Amino acid sequence: MRINKSNGKMRISVVDNGIGISKEKLEQIREHLKKEFDYSEHIGLLNINERLRLIYGDNYSMTIRSKFGMGTAIYITFPLT
């Protein structure tokens, strides 16, 4: 995990070298994150996303990148207030 602060924003990066996520599954996760909070097997991601949305509105972002067989990276950016 890395934490960077610059330009009034904080960026948290979490990267693993696990098995990664297939393109299809990654797209499903991204679609779930766009919706209002709902149950999913990815409850941790949805919970974090919903809490940040409630606090920062549209002033935050969560980006998930993954390659099957190589790992996953999640980047969360929000303002320092």
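Ile55 lies in helix 2, where helices are DSSP runs of H or I with at least four residues, strands are runs of E with at least two, and both are numbered from the N terminus. At 61% relative accessibility, Ile55 counts as exposed, a term for residues over 50% relative accessible area, while buried means under 20% and partly exposed lies in between, with a 1.4 Å probe and protein chains only. The model is predicted, so local features need pLDDT of at least 70 and side-chain atom pairs count only at pLDDT 80 or more, whereas totals for chains, interfaces and linings use all residues. Residues are numbered from 1 along each chain as its sequence is written, and side-chain values use heavy atoms, with hydrogens and water left out.

The protein chain as a whole has two helices and four strands. Read along the sequence, these elements follow the pattern β-β-α-α-β-β. The C-alpha atoms fill a box of roughly 35 × 25 × 15 Å, taken along the principal axes. Of the 81 residues in the protein chain, 35% are buried.

The N-terminal end is a place to start. Met1 lies in the segment before strand 1 (2-6), and Met1 counts as exposed because its relative accessibility is 74%. Together with Ile3 and Val14, Met1 forms a nonpolar patch on the surface, and the three residues have about 330 Å² of accessible area together. A patch is made of residues with over 30% relative accessible area and no salt bridge, where like charges are joined within 9 Å and nonpolar side chains (Val, Leu, Ile, Met, Phe, Trp, Tyr) within 5 Å. The areas come from the Shrake-Rupley method with a 1.4 Å probe, and for residues only the protein chains shown count as cover.

After strand 1 comes a loop that leads to strand 2 (9-16), and Asn7 lies in this loop. The phi of Asn7 is near 50°, a positive value in a residue other than glycine. Most residues other than glycine have a negative phi. Asn7 is exposed, because its relative accessibility is 78%. In strand 2 itself is Ser13, which counts as buried at 10% relative accessibility. Ser13 and Leu33 are 20 residues apart in sequence, and their C-alpha atoms are 17 Å apart in space.

The two helices each hold a salt bridge. A search of the whole structure finds two salt bridges, each defined as a side-chain nitrogen of Lys or Arg within 4 Å of a carboxyl oxygen of Asp or Glu. Side chains of opposite charge can pair when their charged atoms come close. In one salt bridge, Lys34 pairs with Glu31, and the closest N and O atoms are 3.2 Å apart. Both residues lie in helix 1, three residues apart, which is about one turn of the helix. Lys34 is exposed, with a relative accessible area of 65%, whereas Glu31 is partly exposed at 33%.

In helix 2, Arg53 forms a salt bridge with Glu50, with 2.6 Å between the closest N and O atoms. Because they are three residues apart in helix 2, Arg53 and Glu50 are separated by about one helical turn. Arg53 is partly exposed, with a relative accessible area of 31%, and Glu50 is buried, with 13%.

Arg53 and Lys34 also belong to the lining of the largest pocket, along with Arg30, Leu33, Lys35, Asn49, Tyr60, Ser61 and Met62. Helix 1 (23-34), helix 2 (43-56) and strand 3 (61-67) are the elements that give two or more residues to this lining. Helix 1 gives the most, with three residues. By kind, the lining divides into three nonpolar, two polar and four charged residues; Ala, Val, Leu, Ile, Met, Phe, Trp, Tyr, Cys and Pro count as nonpolar, Asp, Glu, Lys and Arg as charged, and the others, Gly among them, as polar. About 150 Å³ of space lies in the largest pocket.

A pocket is an open set of points on a 1 Å grid over the protein atoms alone, where a 1.4 Å probe fits, with protein on both sides within 12 Å along at least five of seven lines; lining residues have an atom within 4 Å of a point. Grid points are joined across faces, edges and corners, and the volume is the space filled by probe spheres set on the points.

Gly57 lies in the loop between helix 2 and strand 3 and is partly exposed, with a relative accessible area of 29%. From Gly57 to Ile74 the separation is 17 residues in sequence and 19 Å in space, C-alpha to C-alpha. For Ile55, the C-alpha atom is separated by 17 Å from that of Tyr75, 20 residues apart along the chain.
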